[in-house]
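Here is a friendly tour of one helix, the core around it and a ligand site. Have the viewer open as you read.

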Amino acid sequence: MTTAAQRDGLVDAHGPVVVMGVSGSGKSTVGAALARHLGVPFADADDLHPPANIAKMSAGEPLTDEDRWPWLDVVGEWLAAHPEGGVMSCSALRRAYRDRLRSWAPGLRFVHLDGEASLIAMRQSAREGHFMPPTLQASQQRALEALDPDEPGVRVDVEATVEALVATVARDLNA
Ligand SMILES: Nc1ncnc2c1ncn2[C@@H]1O[C@H](COP(=O)(O)OP(=O)(O)O)[C@@H](O)[C@H]1O
Ligand SMILES: O=C(O)[C@H](O)[C@@H](O)[C@H](O)[C@H](O)COP(=O)(O)O
């Protein structure tokens, strides 16, 4: 069924989107809210890690590239299965990881949740019931490579409220 929003080009114009950033930047929160706003499916790459990756991070050890490639391919499969639109929250910290995801979904766009490292670290530490220990924040920041100018996507500052971030991103994606 084609909805009025699809006919008007409001829904299927953006294709799949990855909300990226370091741990604690708000990927899960903003990604889920963005998907609700756009009326498209949402998935969280945290839920797609193999148990060994979760065990490693829980023990305070950063993942290596070798740990991440198979996980990124599972994320890429989901993106490839949602050409009509979908939001995935996934750290995608390095350019090479984003290139891998784009190989699954050409035209993929990224929303980089960026901001003051101290603010993000504070939010990550205050969060309860998550496997990711605050001690891994420094390695996340070291691994992060911001979007290059040739990478389709937008960067937003996480100082803003979740509602404001969703409104800004939805506007920029539809621009
Ligand atoms: N823009 C925001 N303003 C205030 N708090 C936020 C914002 N985005 C996320 N949070 C809070 O910060 C913490 C980390 O967010 P989360 O979505 O779990 O980040 P990530 O998925 O990137 O690790 C959560 O407690 C969340 O409620
Ligand atoms: O590539 C990585 O090192 C991990 O995927 C990491 O970046 C991710 O952030 C964790 O899954 C923790 O989950 P949160 O980001 O939700 O804290």
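Two residues are in contact if their C-beta atoms, placed from the backbone, lie within 7 Å. The model is predicted: local features need pLDDT of at least 70, side-chain atom pairs count only at pLDDT 80 or more, and totals for chains, interfaces and linings use all residues. Residues are numbered from 1 along each chain as its sequence is written, while chains are lettered from A and ligands numbered from 1 in the order in which they are written.

Helices (H or I, at least four residues) and strands (E, at least two) are DSSP runs, numbered from the N terminus. The buried residues of helix 2 (a residue is buried if 20 or more other C-beta atoms lie within 10 Å of its own) pack against five partners, as tabulated.

| Partner | Residues |
|---|---|
| Strand 1 | 16–20 |
| Strand 2 | 42–44 |
| Strand 3 | 86–89 |
| Strand 4 | 109–114 |
| Helix 8 | 162–174 |

In helix 2 those buried residues are K27, V30, G31, A33, L34, A35 and L38. After helix 2 comes G39, with a positive phi near 70 degrees.

Now for the largest nonpolar core, a set of buried Ala, Val, Leu, Ile, Met, Phe, Trp, Tyr and Cys residues joined through C-beta atoms within 7 Å. Among its 33 residues, V18, V19, L34, M88, A92, L101 and V111 touch the most other members. Helix 2 gives the most to this core, with five residues.

Finally, ligand 2 is surrounded by 13 residues (C-beta atom, placed from the backbone, within 6 Å), and the closest are S23, D46, L63, S91 and M132.

Key:
A residue is buried if 20 or more other C-beta atoms lie within 10 Å of its own, exposed if 12 or fewer, and partly exposed in between; C-beta atoms are placed from the backbone.
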